[in-house]
Amino acid sequence: MIHHEIRKASTADASALSTLIQDAVRVSNSRDYNQAIIELICANFALDRVIEKMEQRDVFVAASDCVVVGTVSLGQGKLHSLFVAPEHQGGGIGRRSVEYLERHAVGKGLSELWLSSSITAKPFYTKLGYELVHFEERPDGSTFLMKKPLL
Ligand SMILES: CC(C)(COP(=O)(O)OP(=O)(O)OC[C@H]1O[C@@H](n2cnc3c(N)ncnc32)[C@H](O)[C@@H]1OP(=O)(O)O)[C@@H](O)C(=O)NCCC(=O)NCCS
């Protein structure tokens, strides 16, 4: 397993984050969403939008040898934007990023964590203890609203 650290993102990470997220969306989410939706999701993570989100949310990066390999965020009681670079998926970075964010949320006084899962990530979140609240059909990509109590 390659060692990586999870730390707060800085604006210096924004460009790498935008590239990583768009890459993960194009490679991994294309199985479950049509091309028009994939492009909508990618546009939502263009560089300026990533910088904007950094101002509104607590954004973290998983980095290995200074290379950003994953990201996750907390905003308004929800876990947002969990992405692992395609070539690093399946190595535990997603799990450790979620566990890190859960500890961060507890530190901020949250007693439960909510998220909107992609179709792609639903089995992953189920494995990590998240329960389905309801299915949300949205023009920019259908998601599953899920939550987990934090203790
Ligand atoms: C979903 C994602 C974040 C998971 O990250 P990852 O680093 O590949 O996941 P991990 O290696 O930490 O996997 C943790 C566990 O979940 C399981 N898992 C991961 N993806 C899975 C899937 N699609 N289906 C079933 N199980 C899955 C793993 O087998 C592992 O199980 P184990 O601990 O028993 O071995 C990553 O695949 C990704 O970026 N996907 C594309 C983007 C996306 O959909 N993000 C979520 C937006 S809401």
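1. A polar contact here is a pair of N or O atoms within 3.5 Å. Keep that cut-off in mind for the ligand, and note that the model is predicted. A polar side-chain atom of asparagine 29 lies 2.9 Å from an oxygen atom of the ligand. That pair falls within the cut-off, so it counts as a polar contact.

2. Two further pairs belong with Asn29. A polar backbone atom of valine 84 is 2.9 Å from a ligand oxygen. In lysine 127 the partner is an N or O atom of the side chain, 3.0 Å from an oxygen atom of the ligand. Check the atom types when you view them: side chain for asparagine 29, backbone for valine 84, side chain for lysine 127.

3. Next, the cover. On its own the ligand has 930 Å² of accessible area, and the protein covers 73% of this.

4. Which elements give two or more residues to the shell around the ligand? They are β4 (78-84), α4 (93-107), β5 (112-117) and α5 (122-127). The largest share, 4 residues, comes from α5.

5. The shell holds 21 residues. Leu82, Gly90, Gly92, Gly94 and Arg95 come nearest to the ligand. By class, the shell has 8 nonpolar, 11 polar and 2 charged residues. Glycine is counted as polar in this scheme, so the glycines at 90, 92 and 94 fall in that class.

6. Where does the ligand sit? The space it takes is the largest pocket. That pocket holds about 1,000 Å³ of space. It is lined by 40 residues, and Asn29, Leu82, Phe83, Ser118 and Tyr125 are the closest to its centre. Two of these names have come up already: Asn29 with its polar side-chain atom 2.9 Å from a ligand oxygen, and Leu82 among the residues nearest the ligand.

7. The pocket lining draws at least two residues from each of α1, α2 (35-43), β4, α4, β5 and α5. Here β4 provides the largest share, 7 residues. In the ligand shell, that place goes to α5. The lining divides into 15 nonpolar, 18 polar and 7 charged residues.

8. There is also an enclosed space to look at. The count comes to 1 cavity of 30 Å³ or more. The volume of the largest cavity is about 80 Å³. Its lining consists of Leu17, Ile21, Phe45, Val50, Lys53, Met54, Val59, Thr71, Ser73 and Ser81.

9. Which element gives the most to the lining of the largest cavity? It is α3, with 3 residues. At least two residues each come from α1 (14-28), α3 (47-56) and β3 (67-75). The cavity lining has 6 nonpolar, 3 polar and 1 charged residues. Lysine counts as charged, so Lys53 is the charged one in this list.

Note on methods:
Residues are numbered from 1 along each chain as its sequence is written. This is a predicted model: local features need pLDDT of at least 70, side-chain atom pairs count only at pLDDT 80 or more; totals for chains, interfaces and linings use all residues. Side-chain values use heavy atoms; hydrogens and water are left out. A residue is near a molecule or strand if one of its heavy atoms lies within 4 Å of it. A polar contact is a pair of N or O atoms within 3.5 Å; within protein, one must be able to donate a hydrogen and the other to accept it, and residues adjacent in sequence count only if both atoms are side-chain atoms. Accessible areas come from the Shrake-Rupley method with a 1.4 Å probe; for residues, only the protein chains shown count as cover. On a 1 Å grid over the protein atoms alone, a cavity is a set of points where a 1.4 Å probe fits but cannot get out, and a pocket is an open set with protein on both sides within 12 Å along at least five of seven lines; lining residues have an atom within 4 Å of a point. A molecule sits in a cavity or pocket if more than half of its atoms lie within 2 Å of its grid points. Grid points are joined across faces, edges and corners, and a volume is the space filled by probe spheres set on the points.
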